[in-house]
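Me: Please take a close look at how one pair of helices packs, and then at one of the pockets. Which residues are involved?

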Amino acid sequence: MCKHTVLIVILISLLNISKGCKPVKENNKFPNTNVYVKLKKTADKLQYEILKDSKSLQMVTFDNFLTSNDLQLTPKGTLQVTDGTNSIEFDLVLSTNSITHIRVIRNNVPTNTQPMDCVDLNISNLHWYGGPEDRYQYWPVERLTFDNYTYLTKEDHNAGLAERYWLNSKGTFFYVETETPLLITQNTKGHENQLCFSAKNSLPYNTRVNPRTFVYHIGIAENAKVAHMHAVKTLLGHPTGHPDERMVQYPIWSTWALYKTKINESIVRELASAITSNGFENSQLEIDDDWEDCYGALTFKKSKFPSMKSFAEELKEKGFRVTLWIHPFINKDCEPHYSEALSKGYLVLDHNKNPDTQWWNSKKGEAAYVDFTKTEAQNWFKQRLQRLQTEDAIDSFKFDAGETSWVPSDPVLAGDAALSPHQITEDYVRTVGSLGPMVEVRSGQGTQDMPIFVRMIDKDSEWGWNNGLLTLITTLLQMNMNGYPFVLPDMIGGNGYNNKPPNKELFIRWLQANVFMPSLQFSYVPWQYDNETIEISKKFTKLHADYTPQIMERFKLATRTGEPVNPPLWWVDPEDMVAQGIFDQFLLGDSIIAAPIVKEGETKRDIYLPKGTWRDGNSKELHTGPIWIMDYSAPLDTLPYFEKIN
């Protein structure tokens, strides 16, 4: 027998042996693709690895799922593994040269279980972005710590936004679907250097939905920018319109930080006169807390505002638009409004038909939350606001709260029960956001499409990571990278809580940090300091106004493509490992770098410029990046910024 004949016989024999079952590799492969999922067993854990050809794309560890079974190809083209009771399914959503997108599915999460999947943060090599809005808003977000954190909008941690989206500097994103009763664990004992997603059918989620799903997406792209834009297109969404241009160009003036609840017609009139007499422009004048007869009445307290319509018209004659602070609560002592809402079924009840809850302007059990998951309640609330517009000449509103944590425990909400309590945040924002482009809110849940400003939750008059000036920049980046580009920064200088108003230096540096953000919002005023503060403030409010066309251009781009208005520095060059870690600089679009002073007492700073040619906005000197500019001089009247030269 010749050599060729022997070889043919051997090949035929091998082929016959393989006919009875598919090779394990084929069981790991999505049909007609080069994408694989591979199970890897360690001593006490099971991991899965996503591969494209022979390249490893991502590894995930099952924290409490073990099986000796292999992956199997299902008739519908997904890959599935089971432990005999529970199954995990992998669905290839998309595979192109630039993106691999996989959906990981558990359709039946049994009660009293908490499956958990963990990702290595790989802090020495990667940075992470996205995640929840947080009081200590570190950026990148791998420094944050969460321990079995229920992933909802809530008062705790200042989580006005809690989009279920994380992106790393390598170009991988994770997105957890809304129906999942999600908890996260990050950097805690036993999960050091890990971000873990888990699902548990327990409060504050609706425990009557059984079984629950645990579904998340993994997207792997060539870099973080490509990955993010794919997530925006397929998962996050983007605005369908943009906010009012005058709110961009000229400052909003609020009564809150300066006066708190000590407001009346005389005080508001004096504030308006001071704004104009000191030579400042305005987009609107905002009347904040304690204008109502009682909390939830939506009628003016006559002892403070005896004739609101004529007063509003007086302010308009002076060039002001007039807006009001609004909340979604009704206190029990606010009659007849509370009884009306209760009798008509417009308040959120728990499963014992109890509406009692608490917010910051009530005691425990002495308030209720309007149920925005009901169409009738939405219409009722809107009609009362529209009456303020027609009868009291109010132009628009600043809407506070909206987070899920204000509802009674174990609430009964309309709509898709699996979404509870997410649904109330979304329905609240959609209800009030329909009132026009001058609206501002402070919470969001899957509402990236709304053409309104989303305000940062109250900042403190501090400098650092303790909810201070530094977090103005990091919160801006966090919001943009969760798909909310129309960011309204909190009031210049912070809120002055605990009888600690901002000093002159903090006030001016805060204003400078705001210049290349979408809007300026004053409450503390320049003339409460000195003439130098007035002149510096005029300089930077004018600089902001001068760049309104660039801001609006970026607004319009956000409505077309979903690109952020104020992206992180690496947006210019996603491969730039230095830019990936910068937290005290930011971009306007992809052509302006702002590098404000954010440390107390400093008059110089180091500035990083990524690739490109950049013109210093102050000296007009040209620099070619990537480059560090060390010890850039920035006395109190100077904001370092750079424009890209095409």
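Reply: Angles under 35 degrees count as roughly parallel, over 145 as roughly antiparallel, 65 to 115 as roughly perpendicular and the rest as oblique. This is a predicted model, where local features need pLDDT of at least 70 and side-chain atom pairs pLDDT 80 or more, while totals for chains, interfaces and linings use all residues. Residues are numbered from 1 along each chain as its sequence is written, and side-chain values use heavy atoms, without hydrogens or water.

Helices α7 (residues 308–317) and α9 (residues 375–392) pack at about 70°, their axes 8 Å apart (helices are DSSP runs of H or I, at least four residues, and strands of E, at least two, numbered from the N terminus; axes are lines fitted to C-alpha atoms over the stretch in contact, and angles run from 0 to 180 degrees between N-to-C directions). α7 and α9 are therefore roughly perpendicular. In contact (heavy atoms within 4.5 Å) are Met-308, Lys-309 and Ala-312 of α7 with Thr-390, Glu-391 and Asp-392 of α9. That contact has 2 nonpolar, 1 polar and 3 charged residues (Ala, Val, Leu, Ile, Met, Phe, Trp, Tyr, Cys and Pro are nonpolar, Asp, Glu, Lys and Arg charged, the others, Gly among them, polar).

Now the pocket. The second largest pocket holds about 290 Å³ of space. Its lining has 18 residues, with Asn-86, Ser-87, Arg-106, Asn-108 and Pro-110 closest to the centre. (A pocket is an open set of points on a 1 Å grid over the protein atoms alone where a 1.4 Å probe fits, with protein on both sides within 12 Å along at least five of seven lines; lining residues have an atom within 4 Å of a point. Points are joined across faces, edges and corners, and a volume is the space filled by probe spheres set on them.) Strands β6 (87–95) and β7 (99–109) each supply at least two lining residues of this pocket, and β7 gives the most, 5.
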